[in-house]
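Work through the exercises below with the model open. Each task is followed by a stepwise solution.

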Amino acid sequence: MESTVQYILDLKPNWTRVVISTLCGTCSIGLLVKWIHRVRADSLILTARNRRETNLLQAEQVVRDYNDSHPGADGCLIHSLSARQLTLSLKEGSLVPEDVLFSYMTKALEANKILNCCTEIMMESLNHSKSMDSYKDGLLYGVPVSIKDNVGCKGYDSTCGLLCRLNQPALEDSVVVEVLRRQGAIPFVKTNVPQSLMSYECSNPIYGTCVNPHNPKKTPGGSSGGEGALIKGGGSLLGIGTDIGGSIRIPCSFSGICGLKPTCNRLSTKGVSSSVKGQTSVKTSVGPMARDVDSLALCMQALLSDHMFTLDPTVPPIPFNTEVYQSSKPLRIGYYENDGYQHPSPSMLRGVREVKALLERAGHTFVAFKPLKMEYAMNDLVIKAIFSDGSSTLLKAFERSPLDPTVSFPIQVCRLPYVLKKILSVLLKPLFPRFAKSLNLLCGLGSVQQQWELDVAIQEYIRETIEEWKRCDLDVLLCPVIGPAFNHNYSGKLTCALSSTVLFNLLSFPAGVVPVSTVTPADEILLKQFKGNFQDLWDREFVQAVKGGEGLPVAVQCVALPWQEELCLRFMKEVETLVGESRP
């Protein structure tokens, strides 16, 4: 059937019509073509799922055979170590790379059965782990690393959850993966993502829905959701994600791990796929995700090497500044509890207040700071920039592909005709002003001149924010992040909640997330009284999205100025240490 469908689809348009008309007589050509595309899509999905199932079964058998023949490997010890501790143990010889890899692969396969967080095990990593001696000087020697779907690995698809990207394996490793290998790391698994990456759920028609490791009724976030779930589920120690609006930080917040979104282009994006290539006003960053901050710092130190700067000369040759990361001088910390656009949930608000109190007791100084013109930033800059082409590039990626339920609403809105968007934006303005404004902006920009004017406005906003930062004489900034984890199918209805994270993509400031607490019964009671900043439909939907979160992770966001990742990580480490010391 698939070969017949492919033959028809490959015919020239005029012959396609002739063949279809002959076969079906008076049948609607349009409906038949849609049916053919659906059959083809179903066939592609089935083939991909069968391939994954075969891959996972093969990995399970190899792992089972290895574990049976190596009963002495101490998995509990291996999984208790940070990346730095693990590398030291491997270099000293108390552990061997094969045992470590198989131990993590065992846990990854177990976690995937519950969470659906993996798309493919990289079977060649098993052979790679046997010949690691030449990489013993690497900073990540013997460390298994998980890789987000869209980060290129030679021989593997980077689907972005889209059918149009199936069966297009990368011809070479992305720069980040190649540098990881050079530093002794062992990339061993690719992880699940939402369809198109433009969502902070984690579900697509090819590989299905990834669930939160704390509660399957909750999403692990996105778009690096598979990474967050796998790491928290114990199947990975260190992972590589990407972030254009919070795609590293949101999964870290939802799953309860640490993650860093660096300044754009601090790490190479060469070989990293996107569904909206060409959009450069709000840029993607590549960054690490891990159980602890020190593992993030080690990964950054390993990646910021001469090898990366040679492979991608567009990356500024700024090596990792260990002295800044290890500094203990008191910090002057800006903070805010509410950005004025999306009011944080009670638990996340409490998280910021509790961390602020711990930092003050430790001798750090706090200064109130307020993000500038947040409604303007979200609407006239972020939304206008990301959808400046009227969504045409994004929609093209969805052609001839079934829509995942988690992205159905926003994609259907994007598909509305230009005139209808304009009319609805006027009609809905009295009832839903924020949504009406967004709908109008989805129409896109009308000229190159308007694009240039937008770019100038973004640069001016960045300049004004940095001036305000310097006026307050800040070192770093403490603020909320989205959370706790949402119930499934709400993320697509609540793009407004991205304000706490996408702001720092717009500004290109490094920003990281650290888990600090869990949702309490008192937080759930306060949630019932939640009104929000606008008391509109989105604020009401937000309550429904986060309710039922008792016991879920609570996190805070730590921010620094551009190119100061080491200072951001130092601040994150301070938060992590103080929170750990405060626990009974």
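**Exercise 1.** Determine whether Ala 497 is buried or exposed, then place it in the fold.

Solution.
- Ala 497 has a relative accessible area of 3%. Buried means under 20%, exposed over 50%, partly exposed in between (1.4 Å probe, protein chains only). Ala 497 is therefore buried.
- Ala 497 sits in the loop between β11 (476-479) and α21. Helices (H or I, at least four residues) and strands (E, at least two) are DSSP runs, numbered from the N terminus.
- Leaving out residues up to four places away in sequence, Ala 497 touches Tyr 200, Gln 342, Ile 482 and Phe 486. Contact means heavy atoms within 4.5 Å.
- Tyr 341 is 156 residues from Ala 497 in sequence, yet 8.3 Å away in space, C-alpha to C-alpha.

The model is predicted: local features need pLDDT of at least 70, side-chain atom pairs pLDDT 80 or more, while totals for chains, interfaces and linings use all residues. Residues are numbered from 1 along each chain as its sequence is written, and side-chain values use heavy atoms, without hydrogens and water.

**Exercise 2.** How many residues of helix α21 (residues 499-507) are buried?

Solution.
- The buried residues include Val 502, Leu 503 and Phe 504, but also Ser 499 and Asn 505.
- The count is 9 of the 9, so α21 is largely enclosed by the rest of the structure.
- Just after α21, Ser 508 takes a positive phi of about 60 degrees.

**Exercise 3.** Why is Cys 252 not bonded to Cys 258?

Solution.
- A disulfide is a pair of cysteine sulfur atoms within 2.5 Å.
- The sulfur of Cys 252 is 7.2 Å from that of Cys 258, its closest, which is too far for a bond.
- Cys 252 is buried, at 0% relative accessible area.
- The structure holds 0 disulfides.
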